[in-house]
Amino acid sequence: MSRLLKLSIAIALAIVFILAAVTGALRYWVNSDDFRQRVSQQIASAIGVPVHLGGISVDVWPLPAVALEQVQVKSQPPLSLGRIEARPVWMGLLQGRLEIATLIVRDAVVPAPAVAAITAAAAKQRPGGAAKGAQAGGMAMLPHRVVLDDVTWVDNKGVRTTVDGEGRRDADGLPSSVRIEVVRGRLQGAKATMQRKGDDWALDAKVGGGSITGKLQLRQAKGGPLLTGQLETKDVEVSALTAPSRTLTGRLEASTSLDAQVREIGALADALQTRTKFIVHGAVIHGIDLAKAVKTVGMNRSGETRLDTLAGNVTTRGQAVQVTNLVANSGLMAATGNVNMAPDKTLNGRVDVTASVPVGGRAIAVPLAVGGTLDSPSVTLSSSALAGAAIGAATAPGGGSLGDRLKGLFGK
């Protein structure tokens, strides 16, 4: 029995030494310049963009894993990943099948234009048949779990948002759970979780001192998968959603319905359409004093307007925003109107303001044209106001008809 025990120990030690030797040789090989160059070339060939790898490492214990270090995808602009680590499924390896159990991405900078450029270049690399084959085998290569550690998204305007997060998928490839936290940039401090329940996903987000909750649903439709949802916003500071702009502050309550035809994940933001009914409690408009704008016939471009009530409807299509049925009032004035915001944040619209401050001996209603940008809004007297007899007949301080005074200023 003693001999058998010694023999077993010797065999076990021999196996350990062999595995250690193989592991050491494998690590030496994958860290060689020749191996790194070959892997870089293969990745570059697959995506159609040059790639530089700083290093490759292989771990056997406690879990088998392959990691790429200091990855630079030389798109315009470049995309960088400090470390991307893939851990395979044990049982899949034993059966000769490669499945990724966990994919970990650390210290990455991902510009939106780079993603678009890489996607376009990769599409050119695949013939039609190869693309279908890639789609057929793509499910097996989708990670069961993805971990994001200090990953920075850079949008088309250069605004950076850094997140930590984790996501898991079900057998059909759709997410079963998602957790994300914004650690730097816009919406810093915001947290959100999403949990799948049958064909629905329950969303619970904390942002701006309030909450956004609701359900999302993905179903098949004629034009492709259709994402729909209903969300409720409660007690959220408006400026937390519009940061860095603080044109409007106050506590937001809203009901939102949304839908988007999901043809490509990268185009989801542009395809998204929303419809919202809102009210803002304790609203303050910064940058415009609407009461002074009336008294100065639209020439005021500073100050602030405190409102007792601010409510209306908002519809969005991609990055374009339209505010309709806007109602605002305070002790000094009341306003109604419609305002559009283009994707570049330029404003265009009209607000009809009725001031309780008498001008020419009586209160008047003045239509104002809204312009400028979200960060620097402006209001000017609209052309219809210039033509109005009530405005033209009013007497401005210092004597003279208001209409006569404006004639030279506006050229008509």
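**View 1. D204 and K206 meet in a salt bridge.** In this predicted model, the N-to-O distance between the two side chains is 3.6 Å. A salt bridge here is a side-chain nitrogen of Lys or Arg within 4 Å of a carboxyl oxygen of Asp or Glu. D204 has a relative accessible area of 33% and is therefore partly exposed. K206, at 45%, also counts as partly exposed. The classes are buried (under 20% relative accessible area), exposed (over 50%) and partly exposed (in between), with a 1.4 Å probe and protein chains only. Elsewhere, salt bridges that share partners join E69, R83, E85, R87, R106 and D149 into one network. The whole structure holds 15 salt bridges.

The model is predicted, with local features needing pLDDT of at least 70 and side-chain atom pairs counting only at pLDDT 80 or more, while totals for chains, interfaces and linings use all residues. Residues are numbered from 1 along each chain as its sequence is written, and side-chain values use heavy atoms, with hydrogens and water left out.

**View 2. E85 pairs with R83 in a salt bridge.** The closest N and O atoms are 3.0 Å apart. Are the two partners buried or exposed? Both E85 and R83 are buried.

**View 3. D150 and R184 link two strands by a salt bridge.** Their closest N and O atoms lie 2.8 Å apart. D150 sits in strand β5 (residues 145-154) and R184 in strand β7 (residues 175-185), so the pair ties together parts that are 34 residues apart in sequence. Helices (H or I, at least four residues) and strands (E, at least two) are DSSP runs, numbered from the N terminus. D150 is partly exposed because its relative accessibility is 23%. R184 is partly exposed too, at 41%.

**View 4. Strands β9 and β10 form a hairpin.** Strand β9 covers residues 200-207 and strand β10 covers residues 210-221. They pair in the antiparallel sense over 8 bridges. Two strands count as paired if DSSP finds at least two bridges between them. L203 stands opposite G214 in β10. The hairpin has 2 residues between its strands. G208, in the turn, has a positive phi of about 55°.

**View 5. Strands β10 and β11 form a hairpin.** This hairpin has 2 residues between its strands. The pairing is antiparallel and runs over 11 bridges. I212 stands opposite T233 in β11. In a regular strand the side chains alternate between the two faces of the sheet.

**View 6. E237 is buried yet has no salt bridge.** E237 belongs to strand β11 (residues 224-237). Which side chain of opposite charge is nearest to E237? That side chain is R251, 4.2 Å away. For charge, Lys and Arg count as positive and Asp and Glu as negative; His and the chain ends are not counted. The E237 side chain does make a polar contact with the side chain of S239, at 3.0 Å. A polar contact is a pair of N or O atoms within 3.5 Å; within protein, one must be able to donate a hydrogen and the other to accept it, and residues adjacent in sequence count only if both atoms are side-chain atoms. Leaving aside residues up to four places away in sequence, E237 touches G208, L248, T249, G250 and R251. Contact means heavy atoms within 4.5 Å.

**View 7. T316 contacts T274 from strand β15.** The strand spans residues 309-317. T316 counts as buried because its relative accessibility is 19%. Its side chain makes a polar contact with the T274 side chain at 2.5 Å. Not counting residues up to four places away in sequence, T316 touches L272, Q273, T274 and V321.

**View 8. I43 lies in helix α2.** The helix runs over residues 33-47. I43 is partly exposed, with a relative accessible area of 27%. Beyond residues up to four places away in sequence, I43 touches V51, L53 and L68. I43 and L53 are 10 residues apart along the chain, and their C-alpha atoms are separated by 10.0 Å.

**View 9. Two stretches have pLDDT below 50.** The mean pLDDT of the chain is 76, and 70% of its residues reach 70 or more. This score is the predictor's confidence in each residue, from 0 to 100. Residues 4-8 fall below 50 and have 0 contacts in the model beyond near neighbours in sequence. Residues 129-137 also fall below 50, with 1 contact beyond near neighbours in sequence.
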